[in-house]
Amino acid sequence: MEFRDVLQNRRSVREYQDTPIEPQIVQSLIDEAILAPSAVNSQPWEFWVVLGRQRIDDLSDRAKAWLVEKVAHDPTAEAGYQRQHLARPELSLLYHAPALVLVAAKSFEKQSDEDCCLAAFSLMLSARDSQLGTCWIGLTRPWFNLPATKRELGIPETASVVAPLVLGYPKEWPETPGRNPAAIHWVR
Ligand SMILES: Cc1cc2nc3c(=O)[nH]c(=O)nc-3n(C[C@H](O)[C@H](O)[C@H](O)COP(=O)(O)O)c2cc1C
């Protein structure tokens with residue numbers, strides 16, 4: 001695809017085909033993700049990949065149950081919004097995707113989160129170029145960073161999950177939710 005078409009037509013995809021994702025496909029997306037810039041070229045990222053809808057559905061269900069409990073008695077407006085969102089019984093946080101990539105910072109170095117965000121977005125753009133949909137699932141980040149979840153997935157305590165990304169062939173490409181005009185302040 002033309003670069004501008006990739007940028008303009010990437011969408012967060014929340015409905016996926018059953019088609020499994022082969023490891024080589026994820027490998028090639030990660031090979032491109034790590035072309036992202038990083039502070040002093042520190043490349044502080046590591047990637048944990050889960051393939052298979054059944055395994056991902058199980059993670060999704062447990063993340064959801066944990067979040068429901070977490071926001072149950074939280075009086076903040078954000079928790080109220082999350083309670084409403086999570087109350088939909090049909091909601092799968094990881095959208096029954098066939099692949100999950102956790103972009104993680106391998107240490108708590110300054111700027112590692114920024115570096116991982118850039119790698120994550122590069123992966124999302126590469127995926128779009130290969131006709132694959134992605135969605136960044138920020139809601140699940142705290143659950144993936146729990147010591148018990150990290151232990152289960154083999155993520156060291158010293159690493160920090162920054163970007164949980166689901167991946168797969170979309171059922172269809174959604175419409176854009178649109179963008180507000182950029183607020184640009186020309187400083188003279
Ligand atoms: C940091 C971050 C966290 C996000 N978390 C979620 C999430 O938990 N669940 C979800 O469905 N979408 C999530 N999204 C996707 C956004 O809702 C989406 O990017 C936005 O609505 C714009 O739509 P587009 O990506 O199709 O342009 C997240 C996106 C980002 C960048």
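**Figure 1. W143 sits in helix α6, which covers residues 141–144.** The model shown here and in the other views is predicted. W143 has 22 other C-beta atoms within 10 Å, and because 20 or more count as buried, W143 is buried. Leaving aside neighbours within four places in sequence, the contacts of W143 are A63, W66, L67 and T149. P177 is 34 residues from W143 in sequence, and the two C-alpha atoms are 27 Å apart in space.

**Figure 2. L67 belongs to helix α3, residues 53–71.** With 20 other C-beta atoms within 10 Å, L67 is buried. If residues up to four places away in sequence are not counted, L67 touches Q82, L86, L139 and W143. The contact between L67 and W143 therefore joins two buried residues. Between the C-alpha atoms of L67 and P142 there is a separation of 8.8 Å, although these positions lie 75 residues apart along the chain as a sequence distance.

**Figure 3. Four strands form an open sheet in the order β1-β2-β4-β3, with antiparallel pairing.** β1 and β3 stand at the edges with a single partner strand each, so one side of each has no neighbour in the sheet. From one strand to the next, the twist averages 25°. Strands of a sheet pair through backbone hydrogen bonds, in either a parallel or an antiparallel way. β1 and β2 run antiparallel and are joined by seven bridges. One residue of β1 to look for is W48, whose bridge partner in β2 is L102.

**Figure 4. Strand β4 (residues 160–168) is largely enclosed by the rest of the structure, because nine of its nine residues are buried.** Strand β2 (residues 99–105) runs antiparallel to β4, and seven bridges join the two. L102 has P164 as its bridge partner in β4. L102 is also the bridge partner of W48 in β2. Strand β3 (residues 133–136) is paired with β4 in the antiparallel sense over four bridges. Here T134 has L167 as its bridge partner in β4.

**Figure 5. Helix α5 (residues 112–129) lies across β1, β2, β3 and β4.** The helix runs at about 5° to β4. α5 has 18 residues and reaches 26 Å from its first C-alpha to its last, close to the 26 Å expected at 1.5 Å a residue. The buried residues of α5 are S112, D115, C116, A119, A120, L123, M124, A127 and R128. These buried residues pack against the helices α1 (3–9) and α2 (23–33), and against the strands β1 (45–51), β2, β3 and β4.

**Figure 6. R10 lies in the loop between α1 and α2.** R10 counts as partly exposed, with 19 C-beta neighbours inside 10 Å. Not counting neighbours within four places in sequence, R10 is in contact with M124, L125 and R128. M124 and R128 are among the buried residues of α5. R10 and W173 are 163 residues apart in sequence, and their C-alpha atoms are 8.5 Å apart in space.

**Figure 7. H96 and Q131 each have a positive phi without being glycine.** The phi of H96 is about 50°. H96 is placed in the loop between α4 (77–86) and β2. H96 is partly exposed, with 16 other C-beta atoms within 10 Å. For Q131, phi is near 65°. Q131 follows α5 and is found in the loop between α5 and β3. Inside 10 Å Q131 has 10 C-beta neighbours, and because 12 or fewer count as exposed, Q131 is exposed.

**Figure 8. The ligand is surrounded by R11, S12, R14, C135, W136, I137, G138, L139, T176 and P177.** This shell divides into five nonpolar, three polar and two charged residues. L139 of the shell is also touched by L67. P177 of the shell has its C-alpha 27 Å from that of W143.

Key:
Residues are numbered from 1 along each chain as its sequence is written. This is a predicted model: local features need pLDDT of at least 70, side-chain atom pairs count only at pLDDT 80 or more; totals for chains, interfaces and linings use all residues. A residue is near a molecule or strand if its C-beta atom, placed from the backbone, lies within 6 Å of it. Ala, Val, Leu, Ile, Met, Phe, Trp, Tyr, Cys and Pro count as nonpolar, Asp, Glu, Lys and Arg as charged, and the others, Gly among them, as polar. Two residues are in contact if their C-beta atoms, placed from the backbone, lie within 7 Å. Two strands pair if DSSP finds at least two bridges between them. The expected span of a helix is 1.5 Å times one less than its number of residues. Axes are lines fitted to C-alpha atoms, for helices over the stretch in contact, and angles run from 0 to 180 degrees between N-to-C directions.
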